[in-house]
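These are my notebook entries on a single protein chain. I record below what I looked up, one topic at a time.

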Amino acid sequence: MESKKLGSRLLKTAFPLVLCGAILYWMYRGFDFQTVGHVMLHEMDWTWMLLSFPFGILAQMMRGWRWKQTLDPIGEHPRRWAAVNAVFLSYAASLVIPRIGEFTRCGVLKRWDGISFSKALGTVVTERAVDTVIVMLYTGLILLFQMSTFGSFFRKTDTSFDHILSGFSATGWLVTVICGVAALLLLHLLLKRLYIYNKVKTTLGDVWEGILSLRAVSNLRLYLVFSVGIWVCYFLHFYLTFFCFDFTAHLGIGCALVCFIVGNFAVIVPTPNGAGPWHFAVKTMLLLYGVQDEQALYFVLIVHSVQTLLVILLGVWAWFRLSFSSKKEAA
């Protein structure tokens, strides 16, 4: 029985890494990685990359502040800095085991501030539901406003969706199908994990209480500001990187919005920080907007790598901050 559980855990850990590696290998086969250093040192404007960092940090901070808002009404009062650092650490943890971050941050608050794990998990469920609604709303609006852009592109290039699909290689279709199956597998595993965890009646009650916490948020307007602000910051964190490269600086906010949406859906696939599926999805959209294949590969590789490094640094900072802080330290 123990060996079976160990095998299952190893499979869940190894599968995302194998999937990530397979997609990246397929995308970058034959790619000259030695040229990446030249691009980063001589052809890239790092000013815009550095300007994007505060928005990536602020998005995670607002997620921590918003989380505290939903915990306070149910009698759980974490320190604001602890909630923020728990979020920092959760993103870093998800780089090792995808989707483990939701459980990690609940565990951090339980250890440092004595917060109920199950209640905290319930508020995370609420948070994900709110985020899903926001993502669906802006996805619909952006796609609606960008229809004319797609139409103009197809007219100028005499291109049609049928032509694009016909040019999709067998390997490309295979990658797409694998990503879809992986997303469904992730959903199944999450539902199964929640089912096992929620078998205890008291835990179910705590989770439900956490879900309903949104009704008792003291400042709903501020909660909504945080909720929208998180995604605005995520977008600016991504959009400003367009100005780092000559071949994307002219594409405009419309292209960035479409790439941002596609990238958001790609990271549903369970790989570390969406590596692989995100590269594939964003590169495909850049090609649609006229970026050359090699240039698109530079963009997704450099942007994703640098932003992942930021996530790691924030996680390291959070670990040190929490490790050298008393569990009873005043806020």
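**Entry 1: the length of α11.** I began with helix α11, residues 220-239, in what is a predicted model. I asked what span its 20 residues should have at 1.5 Å a residue. The expected value is 28 Å, and the end C-alpha atoms are 28 Å apart, so the two agree.

**Entry 2: the buried side of α11.** Next I looked up which residues of α11 are buried. The list holds Y223, F226, S227, G229, I230 and W231, together with C233, Y234, F235, H237, F238 and Y239. I then asked which helices these buried residues pack against. I found α3 (46-71), α4 (80-96) and α6 (117-145), and also α13 (252-266), α14 (277-288) and α15 (293-323).

**Entry 3: α4 against α15.** Two of the helices just listed, α4 and α15, also pack against each other, and I looked up how. Their axes lie 8 Å apart, at an angle of about 130°. An angle between 115 and 145 degrees counts as oblique, so α4 is oblique to α15. The crossing in which α4 passes α15 is left-handed.

I then noted the residues that meet there. From α4 come W81, N85, F88, L89, Y91, A92 and L95. From α15 come T308, V311, I312, L314, G315, W317, A318, W319, R321 and L322. By kind, the residues of this contact divide into 13 nonpolar, 3 polar and 1 charged.

**Entry 4: V96.** I stayed with helix α4 and looked up V96, which lies in it. Is V96 buried or exposed? Its relative accessible area is 54%, and the cut-off for exposed is over 50%, so V96 is exposed. I also compared its position with that of L17: the two are 79 residues apart in sequence, yet their C-alpha atoms are 8.9 Å apart in space.

**Entry 5: D113.** This residue lies in helix α5, residues 101-113. I found a relative accessibility of 18% for D113; buried means under 20%, so D113 counts as buried. Leaving aside residues up to four places away in sequence, I listed what D113 touches: P78, R79, A82, V108 and K327.

**Entry 6: the whole chain.** Last, I looked up the totals. How many helices and strands does the protein chain have? There are 15 helices and 0 strands. The chain has 331 residues, of which 47% count as buried. I also looked up contacts between residues at least 6 apart in sequence: 77% of them join residues at least 24 apart.

Notes
Residues numbered from 1 in each chain as written. Predicted model: local features only at pLDDT ≥ 70, side-chain atom pairs only at ≥ 80, totals over all residues. Heavy atoms only, no water. Helix = DSSP H or I, 4+ residues; strand = E, 2+ residues; numbered from the N terminus. Expected span 1.5 Å × (residues − 1). Buried < 20%, exposed > 50% of the residue type's maximum accessible area, 1.4 Å probe, protein only. Contact = heavy atoms within 4.5 Å. Axes fitted to C-alpha atoms, helices over the stretch in contact; angles between N-to-C directions. Parallel < 35°, antiparallel > 145°, perpendicular 65-115°, else oblique. Left-handed = near helix turned anticlockwise from the far one by under 90°. Nonpolar A, V, L, I, M, F, W, Y, C, P; charged D, E, K, R; others polar.
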